[in-house]
Amino acid sequence: MYILASDFDNTLWFRDHLLDEDELMIKEFQKQGHLFGLCTGRDIKGIVTPTDGYDMLAHLSFDFYILSSGAYIMDKNRNIIFEKLIPMDIIEKVYEYTNHGNMSIITVNGAYKIYKDRNGHYPATMIESLDEIRNEKVRSFSIHYQEDEVEMVTKIKDHINELYGQYISAFQNGPHIDIAAVGCSKGEGIRFIQEYFQISSEYICGIGDNFNDLPLLEAVNHSYTFDYAPELVKQNARHIVPHLSDCIKDILNTHNY
């Protein structure tokens, strides 16, 4: 039995839709007895309803969910099987360091955003101050920049890890920085899933398209990315494919399923 962990945005989900062929191949993969799950920076609400009016679970079922960059993990029934939280004082320090930049926060109870100059449609409750969620239990948070600031974002991400790496781990996702508690990552998430299902590392696969997927690609035996991924991501994947469906076909064909 193989396990395939997939990133969500620009891997499975493209702004407002799934690719029909991807959906068909995921169902075939599971039909043949393999496990397919998500490994994403999103929280569960962003999976179940990724855009207004879209019911993801009416299209696909998932065998596991690695969420908020590994900050919490759910089984197929969406029961939490792992979780690690971030102290609020560390979030406040990062918020100060980024000069009160655009931030979204995922807590146990919901998602919030505190935006200075961003008009994104991220489905979260707008707040004016972190004081409004001081008593919340935080799973992860993200800092958002512009598309033309990717190089600067890399430096900021590195500096955040230098300053606060004792408490948190920061990962770059294009012009965004996704942050989880120290020890949490997409790579650690898939290792947890491997142990949870008691599957040999020989049968663990992963696919993703961006820098924050590097821990996932480095942790699995069969790593995949896309021809549109950044060069560094392609260098760290064993296979480059045009679509998620091609990844699944390769796994099934290579191993005679």
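Author: Let's start with a word you will meet often: a residue is buried if its relative accessible area is under 20%, exposed if over 50%, and partly exposed in between (1.4 Å probe, protein chains only). This is a predicted model, in which local features need pLDDT of at least 70 and side-chain atom pairs count only at pLDDT 80 or more, while totals for chains, interfaces and linings use all residues. Residues are numbered from 1 along each chain as its sequence is written, and side-chain values use heavy atoms, leaving out hydrogens and water.

Reader: Thanks! What makes Ser68 count as buried or exposed?

Author: Its relative accessibility is 0%. Buried means under 20%, so Ser68 counts as buried.

Reader: Where is Ser68 found, and which residues does Ser68 touch?

Author: Ser68 sits in the loop between β5 (64–67) and β6 (72–75). Those labels come from DSSP runs numbered from the N terminus: helices are H or I runs of at least four residues, and strands are E runs of at least two. Leaving aside residues up to four places away in sequence, Ser68 touches Thr40, Gly41, Arg42, Asp43, Ile106, Ser140 and Ala180. A contact here means heavy atoms within 4.5 Å.

Reader: How many disulfides does a search of the whole structure find?

Author: Zero. A disulfide is a covalent bond between the sulfur atoms of two cysteines. The test applied is a pair of cysteine sulfur atoms within 2.5 Å.

Reader: Why is Cys205 without a bond to the closest cysteine sulfur?

Author: The closest cysteine sulfur belongs to Cys247 and is 6.7 Å from that of Cys205, which is too far for a bond. Seen from the other side, Cys247 is in no disulfide, with the sulfur of Cys205 as its nearest, 6.7 Å away. Cys205 has a relative accessible area of 0%, so it is buried. Cys247 is buried for the same reason, with a relative accessible area of 0%.

Reader: What makes both faces of strand β14 count as covered?

Author: In β14 (residues 204–207), Ile204 and Gly206 lie on one side and Cys205 and Ile207 on the other, and all of them are buried.

Reader: How do you know that β14 pairs with strand β1, and in which sense?

Author: Two strands pair if DSSP finds at least two bridges between them. Strand β1 (residues 3–6) and β14 have four bridges in the parallel sense, so they pass that test. In this pairing, Leu4 stands opposite Cys205.

Reader: How many bridges join β14 to β15?

Author: Three bridges join β14 to β15 (residues 222–226), and these strands run parallel. Cys205 stands opposite His222 in β15. From β14 the chain crosses through helix α6 (residues 214–219) to β15, a right-handed β-α-β crossover. Right-handed means that, with the strands pointing away from the viewer, the path from the first strand over the helix to the second runs clockwise.

Reader: What makes the meeting of Lys186 and Asp7 a salt bridge?

Author: A salt bridge is a side-chain nitrogen of Lys or Arg within 4 Å of a carboxyl oxygen of Asp or Glu. For Lys186 and Asp7 the N to O distance is 3.0 Å, so the pair qualifies. Lys186 lies in helix α5 (residues 186–197) and Asp7 in the loop between β1 and β2 (13–14), so the pair ties together parts that are 179 residues apart in sequence. Lys186 is buried at 2% relative accessible area, and Asp7 is buried at 5%.

Reader: Where do Glu92 and Arg134 lie?

Author: Their side chains meet in a salt bridge at 2.3 Å, N to O. Glu92 is in helix α3 (residues 88–97) and Arg134 in the loop between β10 (125–126) and β11 (138–144), so this pair ties together parts 42 residues apart in sequence. With 23% relative accessibility, Glu92 counts as partly exposed, and Arg134, at 38%, is also partly exposed.

Reader: And how far apart are the closest N and O atoms of Arg191 and Glu188?

Author: They are 2.8 Å apart, in another salt bridge. Both residues lie in helix α5, three residues apart, about one turn of the helix. Salt bridges that share partners also join Asp7, Lys186 and Asp213 into one network. A search of the whole structure finds 11 salt bridges.

Reader: Last one: why is Asn99 called buried or exposed?

Author: Its relative accessible area is 57%, and exposed means over 50%, so Asn99 is exposed. Asn99 is found in the loop between α3 and β8 (102–107). Its phi is near 60 degrees, a positive value in a residue other than glycine.
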